[in-house]
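The following note collects points for a colleague who is examining this entry. Each point may be checked against the coordinates.

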Amino acid sequence: MTEFIKSEIRPVFKATTFQHTSKSNNKKRAWKSLKQIISTERSLQWPENYVHYSSINAPPSFKPAEKFSDLSGLPAPYTDPQTRLRFANKEEYGTLIGLPMDITAGYLALRGASSIVG
């Protein structure tokens, strides 16, 4: 009897009479990039409280920013107290000690940190 019940039960979302029809079966679908979608949305008139890609504002994160090595880009748990450059391991620290001040200032400028002089 359980076999009879299982064969009769059909999911609600499956309609036996459904046929997929498309307006244009021969056309290839053109995909839009996110830039194209956002520029299209900005050009249209939207109701004031309508939510779309360009209106979504994310709150600031509570997690601290992850720090990466200035030399290798690996996660850097250490910071040199003199130069304020970040490093990942002792080999990088050995390289960091031998760097001249102009290279050190260049690394800090790339990271957007303030200069160590002044």
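1. In this predicted model, a nonpolar surface patch is formed by L44, W46 and Y50, whose accessible area together is about 290 Å². W46 belongs to the loop that runs between α2 (34–43) and β1 (78–79). Because its relative accessibility is 31%, W46 is classed as partly exposed; the cut-off for exposed is over 50%.

2. As to the overall architecture, the protein has four helices and two strands. Their order from the N terminus is α-α-β-β-α-α. Of the 118 residues, 13% count as buried. The protein exposes about 11,100 Å², of which carbon and sulfur atoms supply 57%. Among contacts between residues at least 6 apart in sequence, 18% join residues at least 24 apart.

3. The UniProt record, an unreviewed entry, places the feature "domain: Vps72/YL1 C-terminal" at residues 67–96. Over residues 67–96, the chain is 23% helix and 13% strand. The C-alpha atoms at the two ends of this stretch are 17 Å apart.

4. Which side chains meet in a salt bridge? The structure holds one such interaction, and the partners are D70 and R111, with an N to O distance of 3.1 Å. Since D70 lies in the loop between α2 and β1 and R111 in helix α4 (residues 101–111), the pair ties together parts that are 41 residues apart in sequence. The two partners may also be described by their accessibility. D70 counts as buried because its relative accessibility is 16%, and the cut-off for buried is under 20%. R111 has a relative accessible area of 27% and is therefore partly exposed.

5. L85 deserves separate inspection. This residue is located in the loop between β1 and β2, and its relative accessibility of 0% is why L85 counts as buried. Leaving aside neighbours within four places in sequence, L85 is in contact with D70, Y78, T79, D80, L96, L99, T104, Y107, L108 and R111. Both partners of the salt bridge, D70 and R111, are thus included in the contacts of L85. For T104, also on that list, the C-alpha atom is separated from that of L85 by 7.5 Å, although the two residues are 19 residues apart along the chain.

6. What is the nearest side chain of opposite charge to D80, and how far away is it? D80, in the loop between β1 and β2 (86–87), is buried yet has no salt bridge. The nearest side chain of opposite charge is that of R84, at 7.8 Å, whereas the salt-bridge cut-off is within 4 Å. Not counting residues up to four places away in sequence, D80 touches L85, F87, Y93 and L96. L96 is also among the contacts of L85.

7. The backbone of R84 should be examined as well. R84 is found in the loop between β1 and β2. Its phi is positive, at about 65°, although R84 is not a glycine. R84 is also the residue named above in connection with D80, as the nearest side chain of opposite charge.

8. For a visual check, three places may be viewed in turn. These are the patch of L44, W46 and Y50 on the surface, the salt bridge of D70 with R111, and the buried D80 that has no salt bridge.

Conventions: Residues are numbered from 1 along each chain as its sequence is written. This is a predicted model: local features need pLDDT of at least 70, side-chain atom pairs count only at pLDDT 80 or more; totals for chains, interfaces and linings use all residues. Side-chain values use heavy atoms; hydrogens and water are left out. UniProt positions are given in the numbering used here, feature names are shortened, and annotations may be inferred rather than shown by experiment. Patches are made of residues with over 30% relative accessible area and no salt bridge: like charges are joined within 9 Å, nonpolar side chains (Val, Leu, Ile, Met, Phe, Trp, Tyr) within 5 Å. Accessible areas come from the Shrake-Rupley method with a 1.4 Å probe; for residues, only the protein chains shown count as cover. Buried means under 20% relative accessible area, exposed over 50%, partly exposed in between (1.4 Å probe, protein chains only). Lys and Arg count as positive and Asp and Glu as negative; His and the chain ends are not counted. Contact means heavy atoms within 4.5 Å.
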